[in-house]
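These are my notebook entries on the model shown below. I set out to look up burial, sheet order, helix packing and backbone geometry in turn.

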Amino acid sequence: MKIANKKVSAVRLVKDALKKAHEFEDYNIFTFLNDEAALKKAEEIDKKIANGEKVGKLAGVPYALKDNFLSPEGETTASAHILQGFSSPITATAVEKLEKEGAIMIGRTNLDAFAHGSSTENSYFGPTLNSHDKKRVAGGSSGGSAVAVALDIVEFATGTDTGGSIRQPASFNGVYGFKPTYGCISRYGVVAMASSTDCVGFFTKTPEDMNLLMSIANGKDAKDLTTLDDYYVDSKIKEIKKIGIVKDFNNNSVDAEIRKALESKCKLLESKGYEIVELEMPALKYALAAYYIIVPAEVASNLSRYDGVRYGYRSEDSKNLDGLYANTREEGFMPENKRRIMIGNFVLSSGFYDAYFLKAAKVRTLIVKEYEKAFQNCDFLLTPVSPNPAFKLGEKVNDPVAMYLEDLMSVSLNLAGVPGLAIPAGETKEGLPIGLQLVGPRRSDKNLIQFSKELEEEK
């Protein structure tokens, strides 16, 4: 560790990160910069090292925090107007674990409001720009975090993944993005989108950094009853022999350059002695439809607490309580938030629950079984993250169906609760990053990250 070895000071690292953050302001990465507090923490770490005191594994390392993680530093807005003015009295468990090891938050990153979106265009603060092309989207919902890492502002950033919100922006910006097994990392203190699919994860530049972060952040949390026991640190590295390719994810609906990148990685693995197995997973074609029934239903429930009474934004143009609720939500929510609330309430309403939500829940069970069956025939899967590279700003923001189709290859992992790691896999002829994702069975997180090194090209 360079800081502990006194090769570089924590203050220098934080100053450099903040300088870059200000230099890249036109990318609209951050909703809040933590200048004073970050430097103060860095000074404290340097003093501890000078005095010979013990410091954590991440001592002095600057990081970016997706703005849906609660912490007292800055306002937690989830990039939504309705949460402006909200300063959290609590700290998310994941944040506590990172900062206990000495990591220093330099700023909060932009996202689609309440993480509803695939482009970061649904943010109240405006879109974040792609790290490779300012005319294109950063991906979403964790676009700000992905770009912060891609532009080398920070070594790592936090993200949340409900249907691809870490993996897709990682793919669009050429960095690693990991969605762990559901329940691996505590969701306590994270603004909820859909509680049964939300996962906390990270963006990094290397698999080694991802492994370190996962070893710190995982584990049981009494404040989140969905968390799993700490299986990550003690996981034994298993021998991997077979890699599955999903037939339906390698057809003409996928960009030709992404298919070529997938083929190239398969040849690389074959050259290293791995067997490539083509699989049919027919239930996955229903994943997107099931996802956009189950998730909006949970969204509608989770967003019902934002009423203008308890915290956050409150409309001043109200004559009675009903008017306060209506006006606050009308002014405070983005169009995509309202769309998902309406869909969610519809599928949960009397007369439609059995027709939609119950059927979607049954499809989810089929998808879980489909993955279990697949992993009887292979160790891991290798698939595209998204059918296309980063698209242009404004291209799909007014076409919800086109935007939802960007999640075609990512949502099934969240429905099944399995881990997925987005890995850089080259660039298009236009210089846009291409990402692929490794998918493993539940609790294979450590093995998945370890194996991703096999997909790195020799330099």
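**Entry 1: Ile29**

I looked up Ile29 and found a relative accessible area of 2%, under the 20% limit, so this residue counts as buried. I note here that the model is a predicted one. Ile29 is placed in the loop that links helix H1 (10–23) to S1. I then listed the contacts of Ile29, leaving aside residues up to four places away in sequence: Phe24, Arg108, Thr109, Asn110, Thr128, Gly144, Val147, Ala148, Leu151 and Ile153. I also checked Ile29 against Leu98: the separation is 69 residues in sequence, and the C-alpha atoms are 21 Å apart in space.

**Entry 2: helix H4**

Among the contacts of Ile29 are Gly144, Val147 and Ala148, and these three appear in the list of buried residues of H4. I therefore turned to H4 (residues 143–150), in which seven of the eight residues are buried, under the 20% limit. The buried set consists of Gly143, Gly144, Ser145, Ala146, Val147, Ala148 and Val149. What do the buried residues of H4 pack against? I found S1, S2, S3, S4, S6 and helix H5 (167–173). After H4 comes Asp152, for which I read a positive phi near 65°.

**Entry 3: backbone geometry in the loops**

I next looked for unusual backbone values. Between Gly140 and Ser141 the peptide bond is cis, and omega is near 10°. Ser141 belongs to the loop between S3 and H4. Ala115 is placed in the loop between S3 and H4, and its phi is positive, near 70°, although the residue is not glycine. With a relative accessible area of 4%, Ala115 is buried. Ala78 also has a positive phi, near 55°, and is not glycine. Ala78 sits in the loop between S2 and H3, and I recorded a relative accessibility of 0% for Ala78, which means that it counts as buried.

**Entry 4: the sheet**

I traced the sheet and found eleven strands in an open arrangement with mixed pairing, in the order S1-S3-S2-S4-S6-S5-S10-S11-S9-S7-S8. Which strands stand at the edges? They are S1 (30–33) and S8 (275–279); each has a single partner strand, so one side of each lacks a neighbour in the sheet. From one strand to the next, the twist averages 30°.

I then examined two of the pairings. S9 (residues 380–384) and S11 (residues 433–439) are antiparallel and share four bridges; Pro384 has Leu436 in S11 as its bridge partner. S7 and S8 run parallel and are joined by five bridges, with Ile243 opposite Ile276 in S8. In S7 (residues 242–246), four of the five residues are buried, so the rest of the structure largely encloses this strand.

**Entry 5: helices on the sheet**

I looked up which strands helix H3 (residues 93–100) touches: S2 (62–66), S3 (104–109), S4 (156–161) and S6 (199–204). The direction of H3 makes about 175° with that of S2. Helix H6 (residues 207–217) lies across S4, S5 (176–179), S6 and S10 (420–427), and I read an angle of about 150° between H6 and S6.

**Entry 6: Ala422**

Within S10 I looked up Ala422. Is Ala422 buried or exposed? Its relative accessible area is 1%, so I entered Ala422 as buried. Its contacts, not counting residues up to four places away in sequence, are Arg167, Ala170, Val175, Tyr176, Gly177, Val385, Leu436 and Gln437. Leu436, one of these contacts, is the bridge partner of Pro384 noted above. Ala422 and Arg340 are 82 residues apart in sequence, and their C-alpha atoms are 26 Å apart in space.

**Entry 7: a surface patch**

Last, I turned to the surface. Phe346, Phe352 and Tyr356 make up a nonpolar patch there, and together they have about 260 Å² of accessible area. Phe346 belongs to helix H10 (residues 335–348). I recorded a relative accessibility of 39% for Phe346, so this residue counts as partly exposed, in between the limits of 20% and 50%.

Notes. Residues are numbered from 1 along each chain as its sequence is written. This is a predicted model: local features need pLDDT of at least 70, side-chain atom pairs count only at pLDDT 80 or more; totals for chains, interfaces and linings use all residues. Side-chain values use heavy atoms; hydrogens and water are left out. Two strands pair if DSSP finds at least two bridges between them. Helices (H or I, at least four residues) and strands (E, at least two) are DSSP runs, numbered from the N terminus. Axes are lines fitted to C-alpha atoms, for helices over the stretch in contact, and angles run from 0 to 180 degrees between N-to-C directions. Contact means heavy atoms within 4.5 Å. Patches are made of residues with over 30% relative accessible area and no salt bridge: like charges are joined within 9 Å, nonpolar side chains (Val, Leu, Ile, Met, Phe, Trp, Tyr) within 5 Å. Accessible areas come from the Shrake-Rupley method with a 1.4 Å probe; for residues, only the protein chains shown count as cover. A salt bridge is a side-chain nitrogen of Lys or Arg within 4 Å of a carboxyl oxygen of Asp or Glu. Buried means under 20% relative accessible area, exposed over 50%, partly exposed in between (1.4 Å probe, protein chains only).
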